[in-house]
Amino acid sequence: MKNVVVVGSQWGDEGKGKIVDWLSSEADVVVRFQGGHNAGHTLVIDGITYKLRLLPSGIVRKDKISVIGNGVVIDPWALLEEIEEIKSKGVTINEKNLIISESATLILPFHKEMDEIREDAAGNSKIGTTRRGIGPAYEDKVGRRSIRIMDLISETNLNSRLDNVLSHHNAIRKGLNKPLFNKEKLLEDLLKLAPHILQFSQPVWKKIDQFKLSGKKILFEGAQGILLDVDHGTYPYVTSSNTVASSAATGSGCGPNSINYVLGITKAYTTRVGEGPFPTELTDKIGELLGTRGKEFGTVTSRKRRCGWFDGVLVRQTIKISGIDGIALTKLDVLDELDQIKICVAYEINGKEIDYLPAAVTDQLKVKPIYKTYQGWKTSTVGCKNFNDLPENAKIYIRDLEKFIEAKISSISTSPERNDTILVYDPFNN
């Protein structure tokens, strides 16, 4: 019996939602440990599409407990709206199957406004955020001035905490010639929604300890991808949290010995949304084909994703950084129509070949991919559930990919449907 962490090994959008939902049939508890409602997971179950942003993917399964950890930043209005949306599709959500950490930081309206102000002012230097206030909320958390779930219990405390955080934000707004943010309406609104949020609030660290002692299987669910990690990603074009697997412990309040297996979700090609370096990006017809067949539009923002060939150098790098034990390969079927398929196996910069992505963004923008080319299989893999049923050229591509990235492939997804998955290794029961 193992506890499993699921992380994205690229720039996010790897198909984590489907894999987590699929794995949650084995898990008892699903924990979201970082990020906010800037990341979305799309699940397709029995023809019904669920678009999740804050709620863990296990919420759509009966008899599972979903947990939002202290490492997540929560827009309370967005969360309540999402809960009602998912409930309208026949899913039961109550304090028995949803737990929210009392220590989680809130995203408030002035965080969103600050996000928008900064992005608009940056012009061509913008990061490409989702403008949902994620970064400013994490800044307040690190600055020890954030409003947390527990602060909603006491009006006196909440009023004092708002004074503290707004003294900081209003000083910045004044300097940017923006109107000062009024506290009174926000205080009233927060007190009104407080009971609806607090009904789910508990000390998550204690609950996870209880789950462990009772022998429950825990699935830790990450958002975004390792290449967006604030320390290890393509900085500054990153998110504001740590997306690596070790954050599962910090973001939920359990020790690293709680993690027994790290599963990296990896798309069979590469995508990125927003700004930043992308060595294997394709701006030609092949890139358009990948985007069209893969339906590469953001769950949260509907922004079109940039598409390119599989970058083996980057995935091998993220596997080592995050301690990934195995790979779940997704969207293999998107490659079905291509005559040739490429894998990036090295970079060239200033006439020199290198086997990793440099840390400096100026160098990241200079690197040129070196490819190995494979013949396409030109036949459908949609719905394949057995490795031996795959076309021979697809098997060659997968085996070479596995060898290059130095990690075993534990499963292969051949469509968005939950059951269209080739299981090579079950991380919970092996």
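**Entry 1: the start of α10.** I looked first at the start of α10 in this predicted model, where I found a side-chain oxygen of Asp311 reaching to within 3.2 Å of the backbone nitrogen of Val313. At the other end I checked the backbone just after α10, and there Gly323 takes a positive phi of about 65 degrees.

**Entry 2: burial of α10.** I then asked how many residues of α10, which runs over residues 312-322, are buried. I noted that 8 of its 11 residues are buried, and I have entered the helix as mostly covered. The buried residues are Gly312, Val313, Leu314, Val315, Arg316, Thr318, Ile319 and Ser322, so named here under the cut-off of under 20% relative accessible area. When I looked up what covers them, I found that the cover includes the strands β1 (4-8), β11 (261-267), β14 (310-311), β15 (326-330) and β16 (340-349), together with the helix α12 (392-405).

**Entry 3: α2 against α6.** I next turned to helix α2 (residues 76-87) and helix α6 (residues 183-198), whose axes come within 10 Å and cross at roughly 40 degrees. α2 and α6 are therefore oblique to each other, and I recorded that α2 passes α6 in a left-handed crossing.

**Entry 4: residues at that crossing.** Which residues of α2 meet α6? I listed Pro76, Trp77, Leu79 and Leu80 on the α2 side, and on the α6 side Leu186, Asp189, Leu190, Leu193, His196 and Ile197. Sorting the residues of this contact of α2 with α6 by class, I have 8 nonpolar, 1 polar and 1 charged.

How values were computed: Residues are numbered from 1 along each chain as its sequence is written. This is a predicted model: local features need pLDDT of at least 70, side-chain atom pairs count only at pLDDT 80 or more; totals for chains, interfaces and linings use all residues. Side-chain values use heavy atoms; hydrogens and water are left out. Buried means under 20% relative accessible area, exposed over 50%, partly exposed in between (1.4 Å probe, protein chains only). Helices (H or I, at least four residues) and strands (E, at least two) are DSSP runs, numbered from the N terminus. Contact means heavy atoms within 4.5 Å. A polar contact is a pair of N or O atoms within 3.5 Å; within protein, one must be able to donate a hydrogen and the other to accept it, and residues adjacent in sequence count only if both atoms are side-chain atoms. Axes are lines fitted to C-alpha atoms, for helices over the stretch in contact, and angles run from 0 to 180 degrees between N-to-C directions. Angles under 35 degrees count as roughly parallel, over 145 as roughly antiparallel, 65 to 115 as roughly perpendicular and the rest as oblique. A crossing is left-handed if the near helix is turned anticlockwise from the far one by less than a right angle, and right-handed if clockwise. Ala, Val, Leu, Ile, Met, Phe, Trp, Tyr, Cys and Pro count as nonpolar, Asp, Glu, Lys and Arg as charged, and the others, Gly among them, as polar.
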